[in-house]
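This report introduces a protein structure to a reader who has not met it before. The sequence and the model are shown here.

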Amino acid sequence: MTAAPADANGGRTLIRRLADWASDLELDDAPDRVVAHLRSQLLSQLAAARTGYAHPLGRRIARAYGGPLQPDPARAAVSLAMAAICLDHDDTAYAGHLSHSCVTVPVVYARQLRLDGRQLLTAILAADESAARITAAATLGPFRGQAAAHTHLAGTVAGRLRALDAPARAWVNGLGLAFSVPPWTLTPGFLSTDAKGFAAATPIQTGLTACDGALAGLRGPADVLEHPEGFLRRYADVPLPDEAVAGFGTLWHTETLSYKVHPGSAYIGAAVDCATDCAAELRATGATPDDIAEVVVAGSLLTGGLDRASRARHIGPNASVAALNFSLPYNVATALLTGGLGPADLMPPAVERPERWELAAKVRTVHDPRLSRAALLATAPLGQALRRAGEHADAWVRAADERAADLLPPAWLAPETDFRFATKRLGARVTVRLHDGRELTAHRVQAVGAVGGGEHAALAREKFLRSGGHPEVPHMVAELTDLDAHGVVRLISLALSGAADEARAEILRGERRRPRRSRRTLSVDTRALEGAYGRLLGSADSVPDHLLAELALQAGVLAASGILSEVSRAAVDALVASAPRDVLVDLVRRNAAHLLGVLDRMPAGDAGLWSRVADELRDHVERAEKSARTGAERSPVADTGRNAETGSTGRLAETGSTGRPAETGTEGAHGG
């Protein structure tokens with residue numbers, strides 16, 4: 001599969017299209033829920049850096065490159081990024097470990113450029129959206145996660161240039177220069193030595209140098225991503241150029257962030273959570289580590305693959321921090337013995353305790369096809385990319401692991417158009433078997449903190465405070481949009497040093513910035529409907545298949561045609577026959593998010609009609625959720641078919657957002 005030609009969009013290359021949008025991006029362009037993620041992301045990344053600097057490896061990083069508050073922002077960015085990555089305590093998005101560049105670069109330049117709180121968040125937003133999109137375009141390739149160091153080329157260029165309010169042409173040249181020399185991560189050093197830190201440091205240095213050149217007039221290739229010999233051709237087995245430019249202003253990658261509550265790879269996070277759950281039960285039984293015969297961790301193919309790669313390196317007490325981060329046996333054993341996993345468990349004396357390694361030797365992994373299926377169906381880490389790849393997904397998955405190909409969701413599932421209900425289902429099941437025959441089992445469908453799993457603001461706050469951070473910082477982050485430049489400097493200094501008097505009194509002001517655009521007022525209030533869908537998805541396991549099919553089809557048709565109508569039984573039966581239950585649940589999630597996105601963008605003139613129909617649809621969804629709780633089998637949409645305005649089935653708005661004719665069958669609703 002080859003990338004789109006450079007002139008596929010009227011001569012505007014991928015980088016030009018991305019630069020035109022992101023260079024003009026304002027904080028008010030993003031919904032409040034996305035801005036809330038930016039606050040959590042900032043606080044969580046500051047916590048990751050603090051825990052990194054407190055570790056012996058972090059202290060060596062500071063000796064080598066200086067601290068995060070030094071006057072040189074380029075060296076400060078390298079130091080801060082390496083400290084945050086060194087314990088694998090950073091957060092993840094659908095596409096990329098964004099924060100090492102997308103947060104770090106705006107933070108270090110905020111002090112030099114005297115950014116206020118809104119400008120800092122805007123720079124992080126632009127960096128997130130740019131880096132995630134380019135990373136997503138190369139997801140089906142040799143690098144994902146932290147190994148995809150090229151993420152930070154985009155995050156660095158976008159974060160710095162948006163902080164400077166640089167014009168789009170500087171973005172094009174900066175990205176073109178940076179992506180002409182992308183890093184290529186080698187597995188041995190990345191998995192088992194301190195070289196992992198350079199997966200963030202090296203592209204940040206390259207990106208900052210590219211910014212200097214672009215601002216001085218150096219030119220880079222605008223078609224570097226999609227050129228036949230360009231980045232996507234070399235870094236993606238299946239290039240996905242549309243991922244770089246799809247859904248500007250509607251598909252917010254920032255809201256796919258998952259937050260780590262303990263250090264380590266995201267592929268083993270749920271297993272550690274399960275082990276933590278089992279620890280309390282184990283203590284209650286009075287059992288000792290010697291009473292444990294074996295620990296069986298059931299996981300997806302992703303978890304199993306990481307475990308095999310880690311075991312091949314014979315990890316022990318003298319292993320590097322990177323190797324410990326990837327060791328499922330050590331981390332699961334530690335959580336079972338201590339009831340948790342924290343930064344102190346990755347350094348002496350904890351890592352030298354023999355009982356941990358004795359128990360780790362009893363840990364083994366097995367593959368659970370159901371967990372692999374859930375992982376492939378979820379948005380992250382691969383689901384959205386596989387949907388975008390379409391018919392090319394099967395061959396790519398088969399080349400990676402033949403077993404996974406048999407677990408792929410139906411090929412007709414389209415990419416998501418709205419990430420507000422995004423998921424990351426890397427689940428696990430841990431079974432502790434005792435010598436006397438007793439068993440303790442814990443199961444998690446996803447790790448604590450994974451996207452779609454709960455309140456991220458509270459998790460980020462707790463993570464920061466556990467890192468020993470100043471208690472005033474979470475309050476300042478919560479009010480960040482109201483902070484002036486002096487307040488931002490004080491926030492950064494408090495967060496990274498704990499001493500308010502280290503804030504510099506005078507910082508040179510950066511370039512003048514464009515006047516802010518006024519915030520767009522939403523025409524249709526979708527909060528109640530979004531909440532109803534959220535509750536329904538939380539109890540979807542109890543909703544009958546035909547109700548799920550009706551709700552999925554109804555949301556898809558309504559978004560496409562402006563009709564709230566009864567869905568034919570034949571269409572429902574056809575969908576139930578063609579889609580397994582997990583796909584039906586996912587269709588409700590996808591189509592609901594797509595519909596809510598359409599309502600968010602509704603022109604003011606249509607607001608009255610759509611508000612009424614949204615209220616009526618909310619009632620249907622709430623009744624479905626209630627039926628799940630009561631066990632009722634009656635369809636919540638069986639008595640619908642009335643237009644909220646006229647009382648009869650019909651088109652609600654001739655000027656609806658799609659402009660497409662009504663689609664009354666299943667085909668048009670599958671991919672919403």
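The following text treats backbone features, one helix with its cap, a distant pair of residues and a charged patch.

The structure is a predicted model, in which local features need pLDDT of at least 70, side-chain atom pairs count only at pLDDT 80 or more, and totals for chains, interfaces and linings use all residues. Residues are numbered from 1 along each chain as its sequence is written, and side-chain values use heavy atoms, with hydrogens and water left out.

**Backbone features**

Most residues other than glycine have a negative phi, and most peptide bonds are trans. The table lists departures from these habits. Helices (H or I, at least four residues) and strands (E, at least two) are DSSP runs, numbered from the N terminus.

| Site | Value | Location |
|---|---|---|
| D88 | phi about 55° | loop between α4 (73-85) and α5 (99-102) |
| D165 | phi near 60° | loop between α8 (151-163) and α9 (168-178) |
| P348 to P349, cis | omega near 5° | P349: loop between α17 (328-338) and α18 (354-360) |
| A380 to P381, cis | omega about 5° | P381: loop between α19 and α20 (383-389) |

Residues are classed by relative accessible area: buried means under 20%, exposed over 50%, and partly exposed in between (1.4 Å probe, protein chains only). D88 is buried, at 2% relative accessibility. D165 is buried as well, with a relative accessible area of 12%.

**Helix α19 and residue R388**

Helix α19 spans residues 369-377, and its buried residues include L371, S372, R373, A375, L376 and L377. At the N-terminal end of α19, D368 acts as a cap, with a side-chain oxygen 2.9 Å from the backbone nitrogen of R370. Such a polar contact is a pair of N or O atoms within 3.5 Å; within protein, one must be able to donate a hydrogen and the other to accept it, and residues adjacent in sequence count only if both atoms are side-chain atoms.

R388 belongs to helix α20 and is partly exposed, at 23% relative accessibility. Its C-alpha atom is 10.0 Å from that of A136, although R388 and A136 are 252 residues apart along the chain.

**A charged residue in a loop**

Which residue lies in the loop between α14 (269-285) and β1 (292-299)? That residue is D291, which is partly exposed, with a relative accessible area of 32%.
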